[in-house]
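Thank you all for coming; I would like to take a few minutes to walk through one structure that is new to most of us. Please have a look at it first, and then I will go through it piece by piece.

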Amino acid sequence: MALKQFNVLIKGAQLPQRLLDKVEEQFTTFRLWEAADDEAYLQEIGSQIDALLTSGNPVMGASADLINRLPNLKIICSNGVGYDSIDVKAAQARGIIVTNTPGVLNACVADLGMALLLDVARRVSESDRYARAGKWLSHGRFPAGCKIGGKVCGIVGLGSIGLELARRARAFDMDIHFYNPNSRPDVPYTRHETLKSLAQQADFLVLTLPGGLRTRHLIDAEILQALGPQGYLINIARGSVVDEQALIQALESEQIAGAALDVFEHEPAVPQALQKRNNVVITPHIASSTEETMRAMADLVFENLLAFAQGEAVLTRVV
C-alpha cells in the first residue's frame, strides 16, 4: 500500500507537533478534533480509517465506542507508556494492534518523581510563594522542612520507572522498600507482601504503577491512614490510582504530612481543596514533558505507524 493511501485518524491536537508534522507528511490524515460534530464526521469517514493516532492521556485514549465506529481500523498508535484509557479488550477482540512508547520516558518520569519528593519534603514551592509574597521580611525565617536522607522511600510498582526512581532515591541515601504483585529477586530492595505494610513503613510513598480498573483507588483511606502523619504521598502514575476524596480528607484531618501530585482523578480539573493546601505540590501531568523525551516518544510512535503501513513488525506492541 502506498503511504498516502494509508488513512490515519488523529484524535487530538494535544499530540506533539513533531509527530503531527511527520504523520501528515507521509499519510492521509483526518483531524477528529476539528470536526464540528464528531458523530457525523465519524459516520462520514469512519470506514476509511486504517490507523488511529492517540495517547494514553485520560482525555485522549480510545473507547470501545470509538473503535467500533472505525470498522476497518487495523492499528492504534498511542503516544505514551500508559494505555489504560485505550479499550485494549475491544481492540484485541477485533485483532487490532495497539502500540505505546515504553522505555523512552522512564528517566524523565523518575526525575520528576524525585523532584516532587524533594519539593514536598523541603517545602520548595511553598517557600518560593512565601518569599515572593514578602513574608520573609514580614514574618521572618521560613519553617523547617524534612530531611530525606535515611528515610524510607516506598515504591508502589517496581517496574522500569520504579527502578529508575529507586536509583535516584538511593543517591540521596534513602532506604528503598517496595510493593509489587510479583517478586523481584533481581533487586536488593525490601519487598513488602502487602501495600498496607509498605505504607506503614514508608516515609514517602511513591506511585509508579499502571492505571486502569485493576489499580483504581488502590490508594484509599486505609492506605493513607497507614502512611501516617509523618508520611508523604507522591503520584507520578495515574490519577485514578488514588481515591482523591480520601486523599483530601486525609490532608484536611492531618492524617498524612503532605502530597506531591502530577496526575489527578479527573484531570485537567484539580480540586480546589488540593489547590489551596500549602503542603500539596501540584504539577500539570508533566512527568514525561521534556524536549528530549517528547521527541523520542513522537519518533517511536511514528516508527510504529510507518512499520505497520509498510507491512513490517511494529516495535512496541501492547496487543
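Before I start, when I say that two residues are in contact, I mean that they have heavy atoms within 4.5 Å of each other. Please also keep in mind that what you see is a predicted model.

With that meaning of contact, let me begin with E126, which has its place in helix α6, residues 124-132. If we set aside its neighbours within four places in sequence, E126 is in contact with F142 and N278. Is E126 buried or exposed? Its relative accessibility is 15%, and since buried means under 20%, E126 counts as buried.

Now to helix α5, which covers residues 106-122, and is followed by R123, a residue whose phi is positive, near 60°. The helix has 17 residues and reaches 24 Å from its first C-alpha to its last, close to the 24 Å expected at 1.5 Å a residue. How many of the residues of α5 are buried? The count is 12 of the 17, so α5 is largely enclosed by the rest of the structure. Among these buried residues are N106, C108, V109, L112, M114 and D119. Another residue to point out is D111, which is linked with E164, R167 and R168 in a network of salt bridges.

Let me turn to the sheet. It is an open sheet of 5 strands, in the order β2-β1-β3-β4-β5, and the pairing is parallel. At the edges stand β2, residues 28-31, and β5, residues 97-99; each has a single partner strand, so one side of each is left without a neighbour in the sheet. Neighbouring strands here are turned by 20° against each other on average, if direction is ignored. As for the partner of β5, strand β4, residues 75-78, pairs with β5 in the parallel sense over 3 bridges, and I76 stands opposite V98 in β5.

That brings me to the charged pairs. As general background, side chains of opposite charge can pair when their charged atoms come close. How many salt bridges does a search of the whole structure find? The search finds 16 of them, and I would like to show you three.

In one of them, the side chains of K74 and D50 meet at 2.6 Å, N to O. K74 lies in the loop between α3 and β4, while D50 lies in the loop between α2 and β3, so the pair ties together parts that are 24 residues apart in sequence. K74 is partly exposed, with a relative accessible area of 33%, whereas D50, at 7% relative accessibility, counts as buried.

In another, E222 forms a salt bridge with K196, and the closest N and O atoms are 3.3 Å apart. This pair links distant parts of the chain, with E222 in helix α10 and K196 in helix α9, 26 residues apart. E222 counts as partly exposed at 46% relative accessibility, and K196 counts as partly exposed at 35%.

The last one I have chosen joins R216 and E265, with the closest N and O atoms 3.8 Å apart. Here R216 sits in the loop between β9 and α10, and E265 in the loop between β11 and α12, so that the pair links distant parts of the chain, 49 residues apart. R216 counts as partly exposed, at 48% relative accessibility.

Technical notes
Residues are numbered from 1 along each chain as its sequence is written. This is a predicted model: local features need pLDDT of at least 70, side-chain atom pairs count only at pLDDT 80 or more; totals for chains, interfaces and linings use all residues. Side-chain values use heavy atoms; hydrogens and water are left out. Helices (H or I, at least four residues) and strands (E, at least two) are DSSP runs, numbered from the N terminus. The expected span of a helix is 1.5 Å times one less than its number of residues. Buried means under 20% relative accessible area, exposed over 50%, partly exposed in between (1.4 Å probe, protein chains only). Two strands pair if DSSP finds at least two bridges between them. Axes are lines fitted to C-alpha atoms, for helices over the stretch in contact, and angles run from 0 to 180 degrees between N-to-C directions. A salt bridge is a side-chain nitrogen of Lys or Arg within 4 Å of a carboxyl oxygen of Asp or Glu.
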